[in-house]
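Got your viewer open? Let's take a walk through this model, one selection at a time.

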Amino acid sequence: MDTPGFGIPLRLARGMSMAEQHEYLRRALSRRRVVAGAGGLAGGLLLAGCGDGGDGGGGGGSRRTDDSPADSVSPAPTGAPAAFGRHLAFGADPRSQMRVGWQLPLPVRRPYVRFGTDRGDLGERVEAEVRPLKTPALGGLPAVEQHYVHAALDGLEPGTEYVYGLGHEEFDPAASPGAEAHLAGFRTAPARPERFVFTAFGDQGTGRAARAITRRIGALPGGPPAFHLHAGDICYAEDSGHGLEGDHYDARVWDRFLRQIDPVSSRVPWMAAMGNHDMEAWYSADGYGGQRARWSLPDNGFDPREAPGSYSFVYGNVAVVALDANDVSYEIPANLGYTGGAQARWLDRRLGELRKRPGVDFLVVFFHHCAYSTSTHASDGGVREHFTPLFDTHRVDLVVNGHNHVYERTDALRAGALTRPLPVGGSVDTERHGAVYVTAGGGGRRLYGFSAPDSYEGRRRDRDVVHTFSWARGGEKALEDVEWSRVRYTGYSFLAVESRPGTAPALRVAAYADDGTRIDRFELVRGR
């Protein structure tokens, strides 16, 4: 078979941009509507990505529909089903802003959030916005309609515990019997820096391993983290994305994913970046129409109307920047250059502003495609060309990536070169020696491997040189021998970062396997 399911020659399908895929799918559906007896688009969605198997499949919560456009949500009958898939996110200022998202299996009238500082007094009420998302019957799958709901909580007090409940015209969480069991809580960022922990991983998906890692994050020994960074490839509703006949997209996987993370994301802000599997060609020309419906992330990126995965926030003494690496990826070029360089220019300005901001000690950047990795996807030359020089200029301390489904950590790097070895348990001054890059792609999806032996805490097997490659423009592989691959672990894992402010601020970073075993630890300091 030399053509994918829509009859596009394979040599063309693999080179289509996200905008071209979107246009083709929309035209294909229009043609289907005028063909009597058509039983669904042949084959599957053309989506940019890299297939890696996994345990996909649908989840409950979506509503089957016809394939007509959905511009509004019709009222639901009295007694509409309860919300699910709650997920928090900070606004631009985590001290005073929280965004609450959830999903409804059916439409409801006038959804809202009630919240307060006491379970017995949910006196504040904020109306919510419904963002319906309709997916037609594609690739032999049923059409579904999903109802994503979002509320913006502003004017909150810093460092304060809040309780919230979700309601609508037929259900008031402050007055209904048994409603207290469905309440959740969160804490705003402190007014002044204090000790806190955040976690990170990428490439999660759904299934046993993904659930296990999620539970670990919610059950940290010191309590849940202040926030979680998801470095992209979130749920894999788009399962492979090669543009082949076997590719398919199942929007119902989002229902399953949101139910899976709800126990943690309902109380821990879930801050996401966009991976290659998160570009979904049906919904918009840039592939992010579906993500705009599902997430309410800080709207302070280079163009918040167009790029949901580019933003920043400050929590205590740590500034965090999320980027969309699909914009610069040489390996997977479906969205290469879609911002016209605007994201890189914004990044330069924002890192400069954050580095000068009083009280900010550390800069942490996270995104999907790897700057430095030796696993299956290796390193992306586009990321190195467009992002890493800015990290060096503004003295970024820690960079977190996904994409490769392993754990890997570099020594301290500047201009792509090793400046100081950083063994397990070691410490490095990032002001003097440069950033440390962590690939934390063991969030639950099928694991990859390395060309060199694993080397981690308790099983150290250092290599002076690792043979690998980086992706060059045009999809070519540039072979390279590297000295910076310090820790390698083939297994499900996550990152936990403890910030310790004060006169000698430090980031104490650790990585844990899915059974709780620590596999790496190191410390980042500045100006010592």
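## First stop: two helices side by side

Start by selecting helix α3, residues 208-218, together with α4: the two pack at an angle of about 10°, and their axes are 9 Å apart. Keep in mind as you look around that this is a predicted model. With angles under 35 degrees counting as roughly parallel, α3 and α4 are therefore roughly parallel to each other.

Now show the side chains where they touch. On the α3 side, pick A210, R211, T214, I217 and G218; on the α4 side, the residues they meet are Q260, I261 and V264. Colour this contact of α3 with α4 by class and you get four nonpolar, three polar and one charged residues.

Stay on α3 for a moment. Which of its residues are buried? Select A209, A210, A212, I213, T214, I217 and G218 to see them. As a general point, an α-helix has 3.6 residues a turn, so residues three or four places apart point the same way. And what do the buried residues of α3 pack against? Add β10 (196-201), β11, α4, β12 (270-272) and β25 (493-500) to your selection, and you have the answer.

## Next: the loop leading to α4

Move to the loop between β11 (227-230) and α4 (253-265), and click on D233. D233 is not a glycine, yet its phi is positive, about 55°. Is D233 buried or exposed? Its relative accessibility is 1%, so D233 counts as buried.

Then go to Y236, which lies in the loop between β11 and α4 too. Phi of Y236 is near 65°, again a positive value in a residue other than glycine. Y236 has a relative accessible area of 2%, so it is buried.

## Out to the surface

For a change of scene, select A175, in the loop between β8 (161-167) and β9 (184-187). Here the relative accessible area is 61%, so A175 is exposed. Add L122 and draw a distance between the two C-alpha atoms: A175 and L122 are 53 residues apart along the chain, and the separation in space is 9.5 Å.

## Hunting for rings

Time to show the aromatic side chains. How many aromatic pairs are there? The count comes to 26. Zoom in on one of them, F367 with F387: the ring centres are 5.5 Å apart and the planes sit at 70°, so this pair is edge-to-face. Where are these two residues? F367 is in the loop between β15 (362-366) and β16 (379-380), while F387 is in the loop between α7 (381-386) and α8 (388-393), so the pair ties together parts that are 20 residues apart in sequence. F367 has 0% relative accessibility and so counts as buried; F387, at 0% as well, is also buried.

For a ring cluster, select F90, F196, F198, F227, F313 and Y315, which are linked by ring pairs.

## Last stop: zoom out

Finally, show the whole protein chain as a cartoon, with its nine helices and 27 strands. Of its 528 residues, 61% are buried. Switch on the surface: the accessible area is about 19400 Å², and carbon and sulfur atoms contribute 47% of that. If you draw the contacts with a separation of 6 or more, 74% of them are between residues 24 or more positions apart.

Methods:
Residues are numbered from 1 along each chain as its sequence is written. This is a predicted model: local features need pLDDT of at least 70, side-chain atom pairs count only at pLDDT 80 or more; totals for chains, interfaces and linings use all residues. Side-chain values use heavy atoms; hydrogens and water are left out. Helices (H or I, at least four residues) and strands (E, at least two) are DSSP runs, numbered from the N terminus. Buried means under 20% relative accessible area, exposed over 50%, partly exposed in between (1.4 Å probe, protein chains only). Contact means heavy atoms within 4.5 Å. Accessible areas come from the Shrake-Rupley method with a 1.4 Å probe; for residues, only the protein chains shown count as cover. Axes are lines fitted to C-alpha atoms, for helices over the stretch in contact, and angles run from 0 to 180 degrees between N-to-C directions. Angles under 35 degrees count as roughly parallel, over 145 as roughly antiparallel, 65 to 115 as roughly perpendicular and the rest as oblique. Ala, Val, Leu, Ile, Met, Phe, Trp, Tyr, Cys and Pro count as nonpolar, Asp, Glu, Lys and Arg as charged, and the others, Gly among them, as polar. Rings of Phe, Tyr and Trp (its six-membered ring) pair if their centres lie within 6.5 Å; planes under 30 degrees apart count as stacked, over 60 as edge-to-face and the rest as tilted.
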